[in-house]
Structures are given as structure tokens and as C-alpha cells.
Amino acid sequence: MTVLCHRVYSGLEIYFNKMKKKLNIAVSGIGNRALPKGIQTSNWLGWVELIHRSDEFELVAAHDPSAESIQRMVERGYLKPEQNFTDLTRMLTNVPCDALLVCNPVQYHASTIRQAIDHDLHLLVEKPFTDDLQEGRELVSLIQRKKLTACVVQNWRNKDVGRLMHQHIQDGQLGKIGHIFFRYVRDRENPKLPPYIFQEKFPLLYAMGIHHLDLFRYILNDEIISVQGQSFKPDWSLYESDTGLNLFLKTKRGTSIIYSGTISSPNKVISQESLIVEGEKGTLINESQWSEPPLWYYPKGIVDRIELTKHIKGQDRETTEQYNRSDRNILRNFSQSILGKEEPVCRAEDALKSIEVLEASRRACETGEVVYLDTTPELQLENS
Ligand SMILES: NC(=O)c1ccc[n+]([C@@H]2O[C@H](COP(=O)([O-])OP(=O)(O)OC[C@H]3O[C@@H](n4cnc5c(N)ncnc54)[C@H](O)[C@@H]3O)[C@@H](O)[C@H]2O)c1
């Protein structure tokens with residue numbers, strides 16, 4: 001009887017989902033993140049395929065200045081030729097839609113977001129929200145004035161490890177957090193990457209640091225108040241800017257964060273990410289490539305460790321499924337936020353605080369000074 005009820009219920013749910021009107025979404029930037037060139041080797045299915053599979057959104061148009069990117073959309077059967085645009089204004093003027101996914105290189109995020117706001121569109125923006133804090137602030141105030149929903153893809157929050165760390169810490173199971181150690185060693189010295197990548201300022205910070213520093217804010221539910229740091233790069237680097245960072249950050253509640261990393265590592269053996277979070281009641285450890293399970297909890301004074309991710313089985317633990325699971329959650333959360341049924345996991349205002357940390361880190365490395373994010377005199381005194 002229970003099984004029968006469940007089947008009838010599931011059938012009804014599928015029927016009602018099909019009857020539900022989907023939200024119309026367009027996308028700007030059809031690169032590797034939106035539609036991977038190498039499907040077999042990609043770490044994710046990509047936004048276009050996930051939207052295609054979703055019950056919440058209908059992909060109605062795409063914008064990209066590159067004819068090659070548009071061709072991939074058409075050849076793979078996602079959109080008809082007339083649904084693709086090389087000009088953003090033409091797409092936004094001609095295609096009625098509810099939302100825009102901004103998935104182009106970061107230097108174009110702000111201008112794309114501004115145009116979308118002019119057309120009253122809700123926004124899902126790939127990280128980082130913008131590459132300029134001041135401009136980001138202006139955009140957020142425009143978004144607020146128009147009461148639009150703007151979510152940012154901070155997927156390290158949405159992966160199982162990030163979600164469970166947040167839960168474990170916020171449930172008080174680690175007690176007060178004393179310090180976080182994070183080490184990142186990655187080989188991103190790949191000449192096949194698009195040339196603009198090698199010209200970006202502080203590429204570790206804006207490409208990956210944004211994931212990690214945002215994750216720390218999220219799991220701690222705390223704000224960074226000061227940063228000290230140095231940057232560096234080895235002779236063999238292809239990048240214009242420094243590719244390594246050594247940061248020391250302090251939070252409002254007194255947690256110390258040591259963040260050291262490079263994207264110029266020749267290493268292909270040891271894990272890229274090593275994260276250790278220590279509280280008065282124990283330690284959390286995650287050694288991974290891109291924040292995959294396992295997440296271990298070592299309670300204080302006990303030899304046995306506990307795997308907090310053990311309920312995640314098989315393929316779901318692997319890199320690709322971890323990306324896809326979190327991307328699906330982000331899409332669902334975006335639609336529910338537009339409909340007013342959920343709070344965004346990362347709204348633009350929140351993402352802006354992580355951009356503030358990036359800018360402070362960059363300034364700390366450039367000047368060699370301690371940079372304070374909240375400049376009230378008491379805070380400066382406390383930390384000096
Ligand atoms: N969340 C994640 O895990 C993750 C991973 C990779 C990339 N990203 C983000 O996704 C975004 C895109 O990265 P990518 O790896 O797909 O880059 P990419 O270089 O592979 O593709 C960028 C695409 O944007 C197009 N483009 C260039 N200028 C444009 C413009 N003015 N307007 C619209 N499109 C334009 C290019 O033709 C290209 O097709 C970036 O913001 C990046 O930070 C996020």
C-alpha cells in the first residue's frame with residue numbers, strides 16, 4: 001500500500017512538474033564552463049546541459065561573440081541558429097526572458113550584469129561576481145532598487161564537503177574555531193588555455209582563491225577583518241602576474257586563517273587542496289582535488305576518525321558528479337529564490353564581501369601592509 005501510494009504520488013509530482021511553467025533563461029558566454037569543448041575530459045556537464053535537463057528553466061537564447069562557440073550550441077542541438085546572438089543588446093531586446101546566466105570572462109561580468117538589470121532580468125552570475133568592488137557595489141544597489149534576484153555561483157559552498165563543514169561547524173560540533181590551514185598546489189601552466197588567462201591579475205586569487213576564501217566565510221559564518229600577505233611566482237611561469245600567494249587572515253570572531261597556494265606547481269601526484277579546520281572540540285580534514293569527499297572529523301582526544309561524507313556513495317563522490325550535484329543545487333536554489341520560496345545560498349551582496357576579501361588580499365600583497373576590511377579604530381587597535 002505504501003509503495004502504491006508512493007508511486008501515485010511520484011507520478012502526480014512528475015505530471016505537475018511538466019504542467020508547471022518553466023522560467024525562460026538566456027546565457028552570455030558559451031565557453032568551457034557553460035558547454036565544455038571536451039565532453040569526455042570535462043569536470044562538469046556544464047550549464048547548458050543542466051538547464052536542458054532541468055524542470056525549472058527553459059534555455060531560450062545564447063550570446064557569445066565567438067562564431068565557434070555559437071556553432072557548438074547549434075551542432076549539439078541545444079538552440080536553433082536564430083536563437084544565438086553575437087550581440088548582447090540584440091539578444092536582450094529581441095528575446096523575452098526571465099533570467100540571464102552570466103558565464104563570460106570576469107572582465108565582462110559588470111557590463112553584462114548592467115544590461116541585464118536594464119532589462120529587469122534575474123541574474124545567476126559565475127564567480128567572481130565582478131573584478132571590481134566599487135562597480136560590484138553599484139550593481140548590487142541597482143539590483144536591490146529593482147528588487148531582482150541575483151545569485152552567484154560559489155560552488156565550493158554547494159559541494160558536499162562545503163555543505164557538511166558548514167553544518168558541522170554551525171551545529172557547534174567543533175566548538176570555537178581557532179584556525180584554518182589551507183594549502184593549494186596546482187599545475188595551471190597550460191599553454192593551451194585561452195591567452196587572456198595569462199594576462200589576468202592575481203590569477204590564483206580571482207580564479208580559485210575566490211572559491212576558497214568564500215568557503216571560509218561560509219563555513220565559519222564570520223567575516224574577514226584583516227589580511228597580510230606576499231605574492232610570488234617561479235621563473236618557469238607563463239603568467240604576467242604572480243601565481244603564488246601566502247596570506248594570513250583574521251576573522252571578526254578571532255579565527256586565524258593561513259592560506260598558501262600556487263598555480264605554477266609541476267605536481268600531478270599529491271592532492272591540490274588540503275584543508276584543516278581546528279576547533280576546541282576537534283579537527284576537520286579534507287584532502288582533495290576540487291573539494292571532493294572524504295571529509296574527516298577527528299574529535300579531540302579520540303584516535304578514531306569519523307567520515308562525515310560516508311553516506312555519499314560511488315560516482316556521487318567523484319569530481320564530475322560533485323560539480324554536477326552542486327550545479328544542480330545552484331540552479332534549483334536560483335529558481336526557488338526567484339519564486340520567493342528559498343533564500344539564495346549566495347546572493348550578490350554576500351558574494352561582494354568575498355570580492356572585498358580578494359581586493360584586500362591583493363592590496364596586502366602589493367603594499368606589504370596589513371589591510372583592514374573594517375576600518376573602525378577599535379578593530380585596527382585590536383589587530384595591531
Ligand atoms: N564555478 C566554477 O567552478 C568555474 C569553473 C570555471 C570557470 N568559471 C567561471 O565561468 C566563467 C567562464 O569561464 P570559462 O572557463 O567558460 O571561460 P572560457 O574562456 O572557456 O569561455 C569564455 C567564453 O566567453 C566568450 N566571451 C568572450 N567575451 C565575451 C563577452 N564580452 N560576452 C560574452 N561572452 C564572451 C568567449 O568567446 C568564450 O566562448 C568565468 O567567470 C569563470 O570564472 C567558474
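In what order do the 9 strands of the open sheet run? The legends below take up that point, along with the ligand and the chain ends.

**View 1. The open sheet, strand by strand.** In this predicted model, the strands line up as β14-β13-β12-β11-β7-β10-β9-β8-β15, and their pairing is mixed. At the edges you'll find β14 (306-307) and β15 (371-372). Each of these two has a single partner strand, so one of its sides is left without a neighbour in the sheet.

**View 2. A closer look at β9 and β10.** Here strand β9 (residues 244-251) sits alongside strand β10 (residues 256-262), and the two pair in the antiparallel sense over 7 bridges. To find your way around, look for Leu-247, which stands opposite Tyr-259 in β10.

**View 3. Helix α8 packed on the sheet.** Residues 160-170 make up helix α8, which touches β7 (177-185), β11 (273-279), β12 (282-288) and β13 (296-299). The direction of helix α8 makes about 175° with that of β12.

**View 4. Around the ligand.** The ligand is surrounded by 22 residues, and the closest are Gly-31, Asn-32, Arg-33, Ser-66 and Asn-104. Sort the shell by type and you get 9 nonpolar, 9 polar and 4 charged residues.

**View 5. Where the confidence drops.** Mean pLDDT for the protein is 93, with 92% of its residues at 70 or more. Residues 1-18 are another story: pLDDT there is below 50, and the model gives this stretch 1 contact beyond near neighbours in sequence. Residues 377-384 also stay under 50, and for them the model has 9 contacts beyond four places in sequence.

Note on methods: Residues numbered from 1 in each chain as written. Predicted model: local features only at pLDDT ≥ 70, side-chain atom pairs only at ≥ 80, totals over all residues. pLDDT = per-residue confidence, 0-100. Contact = placed C-beta atoms within 7 Å. Near = placed C-beta within 6 Å. Nonpolar A, V, L, I, M, F, W, Y, C, P; charged D, E, K, R; others polar. Pairing = 2+ DSSP bridges. Helix = DSSP H or I, 4+ residues; strand = E, 2+ residues; numbered from the N terminus. Axes fitted to C-alpha atoms, helices over the stretch in contact; angles between N-to-C directions.
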